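Subject: Handover of a structure and its findings

Dear colleague,

Please find the structure below, followed by an account of what was found in it. I would be grateful if you would read the two side by side.

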Amino acid sequence: MDEDTGVISPGGIGFDINCGMRLVRTDLTFAEVAPRLSELVDSLADRVPAGVGARGFLALNESEFEEVLRDGAHWAVKHGYGVPDDLLHTEATGRFPDADPAAVSTHAIERGLAQVGTLGSGNHYLEIQVAHPEGVADPDLARAFGIDRPEQVMVMFHCGSRGFGHQVASDYLHLFLRLMPTKFGLPLIDRELASAPFASPEGKSYYAAMCCAANMSFVNRQVILHRIREVFARVFQRSADALGIRCIYDVAHNTAKRETHLVGGEPRQLLVHRKGATRAFPPGHPELPPAYRATGQPVIVGGSMETGSWLLAGVPSGAVSFFSTAHGSGRTMSRTRARKLVRGRALQDQLAARGILVRTASLRGLAEEAGFAYKSVDEVAEATEEAGLSRRVAHLVPVGNVKG
Amino acid sequence: MKAGFAFVEGATSDLAFVAQAATLDALFAVASEALLAATVEDPSSVAPSERRTLSLAEPDLELLLLRFLNELVWLRDAKGLLLRAESVRITREEGEAQLEATLVGEPLSRIRHALAADVKAATAHGLRIEGRPEGFEARVTLDV
């Protein structure tokens, strides 16, 4: 959308604002982790609350929560929940600078206060994965991203701004629905895509509130990484640093961002809505951190808990989609249908027999997330490469999974 | 028309239900029951130990249903309460639909309640309320 004449749409951004993926490397190999895998998955399930009504370990008051909304992942690192290097490996360094807590309702703040540090449910997960050598599609890029040994153990997780982001988006959806036919004079084609002119006070206010939710989500993933470091350090009796635990990248897939792109050969300032789409900047892009300036941005595409996930990289030809690519494999089957086809406990047992240990807050939710309900992540990753949106780097295979 | 609801296939990422009832008041109450059934495995395990009242107004009935369900989601997340509608009264005036409801339920317990989906919101996607000769029918998609 053009910043001067376009609109901002909560539904076009996605209601779980800054839902995103974080990929973490370790120096450990699967042979080292396998004997402790069960303990590791149990500990992660215990230390990263998931599911309905889960409450985070941070006891924040409203004033502290407003700092979270303003400062994003920088707040977390300042308070000891991470290291400065994590920020360099997070989209926008984990902070959307246009956040203004005054644009967020009391209703939303009350909902979000206890949610920092929680995984959520549905398709949100925390996974221990292995990078098998045969799954590495581009060894040079993989090495540059931190995948540098055979059978390397990785940790990937997928979560967002929890109910807080939803409340922010819902509050403004109702406001925009009221104002579209009256103040804005905009046609209402689909209520889920209600919008406001970006240049209007209400449009600017939603952008400021959305940035707050994006920052809350960055903090959420940052404190979850902190807990992952604690768990690995305890289980393996070595510091997280000594275990080589380092954030490869954290990337959002439900945002709107102000970016400059070439349109008709001319640079234009745009508001890029990415709903279920991952930013994928190419090599040389000025917003990339020095470590990835030559490689292009790491892109994390989540698959099902059975089939694994992909690490991709941004490419120059991605300009055609304003440097956006896929964020996940996507479902092919309704939750209701999946639940009719398999029971959660049976699926958990089947996966354990295949070497994938799953801990879940909801067996019903687990059944809904069965691998057969999802598209092939391999085909999705290949399709993005064939479309010139991103290139494949490494396939990551799950061995342990925590689900909400 | 017998009041009730059913989860339906079709929404791939989300969870959709169809609710039916003879009156609008009953339809909203049934929709609250469907939301509870999406949240916990056994809605009958939610005891009526706490009461809340709720007053809402929106430009039309569908937006009112959306807001009503999202207030129930908010009460779960912000106040830790699992609630259903004990009574609902819907009134309509020109350009506005209003709701007065009494909600009953209890604090969410991760031990006593077998939890199912963490419903994040009822959505405007495909939302509709339609009159039928024998009552009303609503279709709602829940984001989980």
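Two strands are taken to pair if DSSP finds at least two bridges between them. Strands (E, at least two residues) and helices (H or I, at least four) are DSSP runs, numbered from the N terminus.

The model is predicted: local features need pLDDT of at least 70, side-chain atom pairs count only at pLDDT 80 or more, while totals for chains, interfaces and linings use all residues. Residues are numbered from 1 along each chain as its sequence is written, chains are lettered from A and ligands numbered from 1 in the order in which they are written, and side-chain values use heavy atoms, with hydrogens and water left out.

The three-stranded sheet of chain B

By that pairing rule, β4(B) and strand β5 (residues 96-107) of chain B are antiparallel partners over twelve bridges. Two residue pairs illustrate the register: I90(B) stands opposite L99(B) in β5(B), and R84(B) has V104(B) of β5(B) as its bridge partner. The two strands form a hairpin with two residues between them, and G95(B) in the turn has a positive phi of about 80°.

Both strands belong to an open sheet of three strands in chain B, with the order β3-β5-β4 and antiparallel pairing. Because β3 and β4 (81-93) of chain B stand at the edges with a single partner strand each, one side of each is left without a neighbour in the sheet. From one strand to the next the twist averages 20°; for such angles, axes are lines fitted to C-alpha atoms, for helices over the stretch in contact, and angles run from 0 to 180 degrees between N-to-C directions.

The four-stranded sheet of chain B

A second open sheet in chain B has four strands in the order β1-β2-β7-β6, again with antiparallel pairing. Its edge strands are β1 and β6 of chain B, each of which pairs on one side only. Direction ignored, neighbouring strands of this sheet are turned by 15° against each other on average. Between β1(B) and strand β2 (residues 15-21) of chain B there are five bridges in the antiparallel sense, and V8(B) has A16(B) in β2(B) as its bridge partner.

Helix α1 of chain B

Which strands of the four-stranded sheet does α1(B) touch? The helix packs on that sheet against β1, β2, β6 and β7 (135-143) of chain B, and its direction makes about 150° with that of β2(B). Contact here means heavy atoms within 4.5 Å. The helix α1(B) also lies across β4 and β5 of chain B, running at about 155° to β4(B).

One residue of this helix is A29(B). Not counting residues up to four places away in sequence, A29(B) touches A85(B) and V88(B). A29(B) and A122(B), 93 residues apart in sequence, are 15 Å apart in space, C-alpha to C-alpha.

The interface of chains A and B

The contact takes 45 residues from chain B and 38 residues from chain A. The two chains bury about 3300 Å² between them, 47% of it on carbon and sulfur atoms; buried area is the accessible area (1.4 Å probe) that two parts lose on being put together, summed over both. E9(B), W74(B) and K120(B) supply 20% of the area that chain B buries against chain A, more than any other three residues.

Eight salt bridges are found across this interface, a salt bridge being a side-chain nitrogen of Lys or Arg within 4 Å of a carboxyl oxygen of Asp or Glu. In one of them, the side chains of E110(A) and K79(B) meet at 3.0 Å, N to O. K120(B) forms a salt bridge with D16(A), the closest N and O atoms being 3.6 Å apart. This pair joins the loop between β5 and β6 of chain B to the loop between α1 (10-13) and β2 (20-29) of chain A. Over all chains the count comes to 47 salt bridges.

The elements that give two or more residues to the side of chain B that touches chain A are β1 (4-8), α1 (24-39), β3 (50-58), α2 (61-79) and β6 (121-132) of chain B. The largest share, twelve residues, comes from α2(B).

Yours sincerely
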